[in-house]
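I opened this entry to record what I looked up, one element at a time. The sequence and structure come first, and my notes follow.

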Amino acid sequence: MTGSIVVTGCGGLGSAVIARLAGGALPVVVIDNAEREHPAGAIGERCDVRDRAAVTTLLRRYRPVAVVHTAGLVGDAAKAQPALAESVNVGGTATVAAACADTGVPRLVITSSLAVYGTRLAAGPAEDAPPAPRSHYGRTKLAAELVAATAVQDSSTALVAMRLAGLYGGRDGQGGWMNAGLDAMLRAGAAGHDIDCAAPATGREHLHVDDAADAVRLAALRAADPPVVVNVGAGRLDSVWELAAVLRELLPAVTVRARPEPGGVDRPLDITLASRVLGYRPLIGLAAGLRRMLERLRASSQVTR
Ligand SMILES: NC(=O)c1ccc[n+]([C@@H]2O[C@H](COP(=O)([O-])OP(=O)(O)OC[C@H]3O[C@@H](n4cnc5c(N)ncnc54)[C@H](O)[C@@H]3O)[C@@H](O)[C@H]2O)c1
């Protein structure tokens, strides 16, 4: 094969990225170690991203112009299995980056997280804010950025680390805790149960997975000179009151109780760089994003009302 795009991980974000790329000029190959249904048109390969020989073989076979690395452990999965999270998030990223460098892949996009900012998050940091992760997960994502940079240095592979805000809109509540929480609220409401809407009073950033996938696509295929580290956020915050109001509008038959919690931020991630260099613009507001989730839930007949 003389050109393709390889996506590792076919979870919430990976499948949204594949859905955007499939049917384009280049074949899309998806690597996952689990049996995952992938969007139509993509070629599925079962492989553990920590297996350097296997990843290298696949990259030699498909000769990608870009690799998008989304495979990893996030949310409850990362919390419950810290050693595995470290092994996959750090070791898997090092392996993928080394295989890209060895096989001359021109561009590698890795999916990092706002969790690398940790204590600095409240102020809406730009990329030059010093990382200060607070969680084990955040430390694995920062370590992944560092090991990837080391693996590709002195090679022809250009690395882009995208620091993504919390994602929602991924299928079946998989991925991070934000998607799981919103999915649970929608399921409850759609089944006719009242909703306890617990979220920070000051506000939280909700990044729809399709906006994130657009940013990833722009970094993988469009940007002439992509930044090494770039924030990708929603560009706005939604408070618990706004979230509750959207849920009431979507599910008028049930009672939605707003439960303000601590832990919000004062400003969203600074996305000036993504906007300037990638032409990225978040398009999906919370009401539209939750409506899509609800429609998908109802269409899959997982809820009865
Ligand atoms: N979900 C979020 O809120 C969020 C926020 C910021 C950054 N990110 C980052 O985005 C990326 C994708 O997140 P997601 O929400 O799609 O996660 P997800 O859990 O929905 O999907 C992860 C996928 O990786 C696969 N995988 C796990 N271990 C693997 C291995 N050893 N080899 C091959 N495949 C493996 C899983 O089978 C799964 O399909 C992750 O790197 C995550 O850290 C996610």
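**Notebook: helix H2, the sheet and helix H4**

I began with helix H2 (residues 52-62), whose buried residues I list as Val55, Leu58, Leu59 and Tyr62. These residues lie on the same side of H2, because they cover an arc of only 100° around the axis. I note here that I am working from a predicted model.

Next I asked which elements the buried residues of H2 pack against. I found S1, strand S2 (28-32), S3, S4 and H4. Just after H2, I noted that Arg63 takes a positive phi of about 45°.

I then turned to the sheet, which is open, has seven strands and follows the order S3-S2-S1-S4-S5-S6-S10 with parallel pairing. Its edge strands, each pairing on one side only, are strand S3 (43-46) and strand S10 (229-232). On average, I find neighbouring strands of this sheet turned by 20° against each other, direction ignored. I kept in mind that strands of a sheet pair through backbone hydrogen bonds, either parallel or antiparallel.

For strand S4, I wanted to know how many of the six residues are buried. Five of them are, so S4 is largely enclosed by the rest of the structure.

I followed the pairing of S4 on both partners. With S1, the pairing is in the parallel sense over five bridges, and I noted Pro64 in S4 as the bridge partner of Ser4. With strand S5 (residues 107-113), strand S4 (residues 64-69) runs parallel and is joined by four bridges. Here I recorded Ile110 in S5 as the bridge partner of His69, while Val68 stands opposite Val109 in S5.

Helix H4 packs on this sheet, where I see it touching strand S1 (4-8), S4 and S5, and its direction makes about 175° with that of S4.

My last residue was Thr95, which lies in helix H4 (residues 82-103). Is Thr95 buried or exposed? I count Thr95 as buried, because it has 25 C-beta neighbours inside 10 Å, and the cut-off for that class is 20 or more. Leaving aside neighbours within four places in sequence, I find Thr95 in contact with Val49, Arg50, Arg52 and Val55; of these, Val55 is also listed among the buried residues of H2. As a longer-range check, I looked up Thr95 and Gly263, which are 168 residues apart along the chain and have C-alpha atoms separated by 35 Å.

Conventions. Residues numbered from 1 in each chain as written. Predicted model: local features only at pLDDT ≥ 70, side-chain atom pairs only at ≥ 80, totals over all residues. Helix = DSSP H or I, 4+ residues; strand = E, 2+ residues; numbered from the N terminus. Buried ≥ 20, exposed ≤ 12 C-beta atoms within 10 Å, placed from the backbone. Contact = placed C-beta atoms within 7 Å. Pairing = 2+ DSSP bridges. Axes fitted to C-alpha atoms, helices over the stretch in contact; angles between N-to-C directions. Arc of directions from axis to C-beta.
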